[in-house]
Amino acid sequence: MIRVLAGSNAFGLQHDLQKIIGKFIAEHGELAVERVDGEEVSHERIVEAIQALPFLVSKKLVVLRAPSAQKKFVEEVEKILSDIPETNDVIILEPKLDKRSVYYKYLKKKTELTEYAQPDENGLAAWLQREAKARGGNIGSNDARYLIGRVGARQQLLSNELDKLLLHDQQVTRSGIDLLTEPTPQSTIFELLEAAFAGRGDRVLQLYAEQRALKVEPQQIVAMIAWQLHILALLKTSGDRSLDEVAAEAKVSPFVLRKSQNIASKLPLVDLKAQIIELLDIDLRSKRSALDLDEALQNFLLKLTISS
């Protein structure tokens with residue numbers, strides 16, 4: 001049997017991979033599993049691993065990561081996979097697959113291929129609810145979304161935070177989330193810009209003060225604001241492309257793009273360009289002179305509230 005696990009959702013991919021490996025080890029023992037990294041070994045070593053008969057065991061599982069790193073493997077994939085003996089199971093891990101390629105089309109047609117896309121906010125919230133239930137607890141849809149907004153969209157971090165919250169109380173609530181989790185700087189910078197573009201000057205200054213109290217340095221805040229403006233620029237210049245297409249090309253999470261859609265829809269491109277230029281000027285001046293970067297950033301953010 002040949003399985004292919006592909007896609008950028010590393011958490012989901014690794015979760016399923018470990019279940020498959022665990023089941024195989026339970027049946028055939030640890031010596032029956034061989035791991036090969038296509039980015040570190042030769043083409044010949046890959047072929048040898050998946051085609052050689054098992055040694056001291058009746059069946060073996062070869063976990064082959066990124067064999068597409070070897071051009072010859074891609075060119076000869078049909079012949080190579082067709083020569084795998086029945087005693088060998090193979091799992092191919094391909095975090096990045098070009099769906100337009102002949103290689104992808106062959107794997108999709110001839111193997112058991114599972115794709116792991118990055119979930120959007122709705123998908124993450126539903127996943128958190130399922131996980132909470134599976135772990136003996138409960139979290140409502142709104143509280144799941146609140147947790148995502150507070151700590152970010154990384155599934156591994158969300159899983160860890162969920163464990164902590166369920167230990168505190170099997171019913172996860174917003175008050176528990178506030179008590180036991182720390183807001184990620186990136187998430188709070190989004191809230192800061194959201195408040196600025198909504199014209200809420202007092203909230204902007206409050207969120208900025210919270211960032212500094214968390215010991216986030218002004219240069220870090222510059223970098224994070226620049227990242228959020230970059231996301232807005234991607235949305236404003238995306239044309240007719242879907243969010244998933246833009247996310248794949250820019251190598252960002254679709255969740256991040258969706259989160260910024262509302263701001264982008266109300267922000268003229270000409271204003272966004274001016275804001276990017278002004279932030280760049282602040283960054284350059286802070287490196288060339290004794291600029292009070294805290295004051296400059298707060299003035300920059302308050303100007304956003306006035307222009308909104």
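A salt bridge is a side-chain nitrogen of Lys or Arg within 4 Å of a carboxyl oxygen of Asp or Glu. Keep that in mind for the views below, which all come from a predicted model.

**View 1. Glu34, Arg45 and Lys60 share a network of salt bridges.** Here is the definition at work: salt bridges link Glu34, Arg45 and Lys60 into a network. Side chains of opposite charge can pair when their charged atoms come close. Searching the whole structure turns up 20 salt bridges, and the next three views show some of them.

**View 2. Asp294 and Arg212 meet in a salt bridge.** Look for the closest N and O atoms of this pair, which are 2.9 Å apart. Asp294 belongs to helix 16 (residues 293–307) and Arg212 to helix 11 (residues 201–213), so the salt bridge ties together parts that are 82 residues apart in sequence. Arg212 counts as partly exposed, because its relative accessibility is 27%.

**View 3. Glu278 and Lys303 form a salt bridge.** From N to O, the distance between these side chains is 3.1 Å. Glu278 sits in helix 15 (residues 269–288) and Lys303 in helix 16, so this pair links distant parts of the chain, 25 residues apart. Both ends are partly exposed: Glu278 has a relative accessible area of 26%, and Lys303 has a relative accessibility of 44%.

**View 4. Arg285 and Asp281 pair within helix 15.** This salt bridge spans 2.9 Å from N to O. Its two residues are four apart in sequence, about one turn of the helix. Arg285 is partly exposed at 36% relative accessibility, and Asp281 is partly exposed at 36% too.

**View 5. Phe11 and Trp127 make an edge-to-face aromatic pair.** Now we turn to rings, where a search of the whole structure finds two aromatic pairs. In this one, the ring centres are 5.5 Å apart, with 80 degrees between the planes. Phe11 lies in helix 1 (residues 10–28) and Trp127 in helix 6 (residues 121–134), so the pair ties together parts that are 116 residues apart in sequence. Phe11 and Trp127 are both buried.

**View 6. Phe73 and Tyr103 are also an aromatic pair.** Why is this pair called edge-to-face? The planes of the two rings stand at 80 degrees, and planes over 60 degrees apart count as edge-to-face. Their centres are 6.4 Å apart. Phe73 comes from helix 3 (residues 71–75) and Tyr103 from helix 5 (residues 102–110), so parts 30 residues apart in sequence are tied together. Both residues are buried.

**View 7. Arg174 lies over the face of Tyr146.** In this last view, Arg174 is 4.1 Å from the ring centre of Tyr146.

Note on methods
Residues numbered from 1 in each chain as written. Predicted model: local features only at pLDDT ≥ 70, side-chain atom pairs only at ≥ 80, totals over all residues. Heavy atoms only, no water. Phe/Tyr/Trp six-rings, centres within 6.5 Å; stacked < 30°, edge-to-face > 60°. Buried < 20%, exposed > 50% of the residue type's maximum accessible area, 1.4 Å probe, protein only. Lys NZ or Arg CZ within 6 Å of the ring centre and 35° of its normal.
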